[in-house]
Amino acid sequence: QLQASGGGLVQAGGSLRLSCAASGRTVSSYVMGWFRQAPGKEREFVARISRYSDDTHYADSVKGRFTISRDNAANTVYLQMNSLQSEDTAVYSCAASLSTTNWWRTYTYWGQGTQVTVSS
């Protein structure tokens, strides 16, 4: 089970740090990703991180502003979001995959999502 937290309401230019805590599974066994879905839009890839943090990948829209990291000892993955913009408003979900991929359908396990709202 994956549990995402840390969302909230923030002003444009602000920061939030999302956490994704795993229970019953060991995150080190998976590639971990963050995805988001805004109202009326399709789910989109945000970032992913390899099993041992040696490789990260970001959507162009968040590159340079967001940072994904993981603490395998704590069984947790993080998404540090800086310089937030109104376009970042969405429900953010973490997910686990056995494949190195940005395609959400290849992610097997999902958290319930946390709402991020950026006011302009």
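How many bridges join strand 7 to strand 8, and in which direction do the two strands run? In the predicted model examined here, in which residues are numbered from 1 along each chain as its sequence is written, local features were considered at a pLDDT of at least 70 and side-chain atom pairs at pLDDT 80 or more, whereas totals for chains, interfaces and linings use all residues. Side-chain values rest on heavy atoms, with hydrogens and water left out. Strand 7 (residues 66-71) and strand 8 (residues 76-81) run antiparallel and are joined by six bridges, where two strands are taken to pair if DSSP finds at least two bridges between them.

The chain contains eleven strands and zero helices, these elements being DSSP runs numbered from the N terminus, with at least two residues (E) for a strand and at least four (H or I) for a helix. Read along the sequence, the pattern is accordingly β-β-β-β-β-β-β-β-β-β-β. The radius of gyration is 13 Å, close to the 14 Å that the globule rule gives for 120 residues, so the chain is as compact as a globular protein of that length; the radius is taken over C-alpha atoms, and the rule is 2.2 Å times the number of residues to the power 0.38. Along the principal axes, the C-alpha atoms fill a box of roughly 40 × 25 × 25 Å. Of the 120 residues, 45% are buried, a class defined by a relative accessible area under 20%, with exposed meaning over 50% and partly exposed in between (1.4 Å probe, protein chains only). The accessible surface comes to about 6100 Å², of which 46% belongs to carbon and sulfur atoms, as computed by the Shrake-Rupley method with a 1.4 Å probe, only the protein chains shown counting as cover for residues. Among the contacts with a separation of 6 or more, 57% are made by residues 24 or more positions apart, a contact being heavy atoms within 4.5 Å.

Within strand 7, the side chains alternate between two faces: Phe66, Ile68 and Arg70 point to one face and are buried, while Thr67, Ser69 and Asp71 point to the other and are not. Ser69 has Tyr78 of strand 8 as its bridge partner. The hairpin of strand 7 and strand 8 has four residues between the strands, and in this loop lies Asn75, whose phi is positive at about 55° although the residue is not a glycine. Asn75 counts as buried, at 15% relative accessibility. A positive phi, of about 50°, is also found at Ser83, again not a glycine, in the loop between strand 8 and strand 9; Ser83 is partly exposed, with a relative accessible area of 41%. Arg70 of the buried face recurs among the contacts of Ser28, which, its neighbours within four places in sequence aside, touches Arg51, Tyr52, Arg70 and Asn72. Ser28 is placed in the loop between strand 3 (16-22) and strand 4 and is buried at 16% relative accessibility.

A search of the whole structure for aromatic pairs finds six, rings of Phe, Tyr and Trp (its six-membered ring) being paired if their centres lie within 6.5 Å, and the planes counting as stacked when under 30 degrees apart, edge-to-face when over 60 and tilted otherwise. Phe35 and Tyr107 form one edge-to-face pair, at 4.9 Å centre to centre and with 75° between the planes. This pair links distant parts of the chain, with Phe35 in strand 4 (residues 31-37) and Tyr107, 72 residues apart from it, in the loop between strand 9 (90-97) and strand 10 (109-110). Phe35 is buried with a relative accessible area of 2%, and Tyr107 is likewise buried, with a value of 3%. Together with Phe45, Trp104 and Trp110, Phe35 and Tyr107 form one aromatic cluster.

Two members of this cluster also meet Arg43, which is placed in the loop between strand 4 and strand 5 (44-49). The charged end of Arg43 sits over the ring of Trp104, 4.7 Å from its centre, and Arg43 also lies over the face of Trp110, at 4.2 Å from the ring centre; the criterion is that NZ of Lys or CZ of Arg is within 6 Å of the ring centre and within 35 degrees of the ring normal. Not counting residues up to four places away in sequence, Arg43 touches Phe35, Arg36, Gln37, Trp104 and Trp110. At 30% relative accessibility, Arg43 counts as partly exposed.
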